[in-house]
Amino acid sequence: DVWSRYTGGSGAPRWTLAMAGFDVTRLEESGSAYLYDWDRHEDPPGSMLWVTNHGRLATATMFTLFFAGEDFAPRLVTE
């Protein structure tokens with residue numbers, strides 16, 4: 001999985017990305033994640049590979065925060 005539905009997966013909710021400082025409305029535009037755009041209703045749907053998001057900024061940042069947040073972002077805390 002690649003962290004969140006908003007980074008090409010099915011896991012954590014969108015607010016986790018926003019909490020980390022991402023403008024979630026611009027993830028694809030900035031190149032931070034490739035998303036399937038449900039609003040475009042392409043026929044046929046555009047091709048994509050979810051795995052390409054593993055090395056993109058949004059997913060890499062969130063995995064770093066999740067697994068090493070105490071070292072890399074000790075003051076980033078949520079309640």
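**View 1. Aromatic pairs in a predicted model.** This model is predicted, and its chain holds two aromatic pairs, where rings of Phe, Tyr and Trp (its six-membered ring) pair if their centres lie within 6.5 Å. In the pair of phenylalanine 63 and phenylalanine 67, the ring centres are 5.8 Å apart and the planes meet at 20 degrees, so this pair is stacked; planes under 30 degrees apart count as stacked, over 60 as edge-to-face and the rest as tilted. Both residues belong to helix 3, where four residues, about one turn of the helix, set phenylalanine 63 and phenylalanine 67 apart. Phenylalanine 66 and phenylalanine 67 make an edge-to-face pair, with 4.8 Å from centre to centre and 85 degrees between the planes. Together, ring pairs join Phe63, Phe66 and Phe67 into a cluster.

**View 2. How open are the three phenylalanines?** Phenylalanine 63 has a relative accessible area of 31%, so it is partly exposed. Phenylalanine 66 reaches 54% and therefore counts as exposed, and phenylalanine 67 is exposed too, at 59%. Here buried means under 20% relative accessible area, exposed over 50%, and partly exposed in between (1.4 Å probe, protein chains only).

**View 3. A network of salt bridges.** Take a look at the charged side chains: the structure holds two salt bridges, each a side-chain nitrogen of Lys or Arg within 4 Å of a carboxyl oxygen of Asp or Glu. Arginine 26 pairs with aspartate 23, and their closest N and O atoms are 3.7 Å apart. Arginine 26 also pairs with glutamate 29, this time with 3.5 Å between the closest N and O atoms. In this way Asp23, Arg26 and Glu29 are linked in a network. Arginine 26 is partly exposed, with 46% relative accessible area, and aspartate 23 is partly exposed at 41%. Glutamate 29, at 63%, is exposed.

**View 4. A nonpolar patch on the surface.** Trp15, Met19 and Leu76 form this patch, and together they offer about 280 Å² of accessible area. A patch is made of residues with over 30% relative accessible area and no salt bridge; like charges are joined within 9 Å, and nonpolar side chains (Val, Leu, Ile, Met, Phe, Trp, Tyr) within 5 Å. Accessible areas come from the Shrake-Rupley method with a 1.4 Å probe, and for residues only the protein chains shown count as cover. Tryptophan 15 sits in helix 1 (residues 14-19) and is partly exposed, with 49% relative accessibility.

**View 5. Stepping back to the chain.** The chain has three helices and zero strands, and from the N terminus the elements run α-α-α. Helices (H or I, at least four residues) and strands (E, at least two) are DSSP runs, numbered from the N terminus. Of the 79 residues, 28% count as buried. The accessible surface of the chain is about 5700 Å², and 55% of that belongs to carbon and sulfur atoms.

**View 6. Confidence in the model.** The chain averages a pLDDT of 81, and 78% of its residues score at least 70; pLDDT is the predictor's confidence in each residue, from 0 to 100. Among the elements, helix 2 (residues 27-30) has the lowest mean pLDDT, 87, and helix 3 (residues 57-72) the highest, 93. Residues are numbered from 1 along each chain as its sequence is written, and side-chain values use heavy atoms, leaving out hydrogens and water. In this predicted model, local features need pLDDT of at least 70 and side-chain atom pairs count only at pLDDT 80 or more, while totals for chains, interfaces and linings use all residues.
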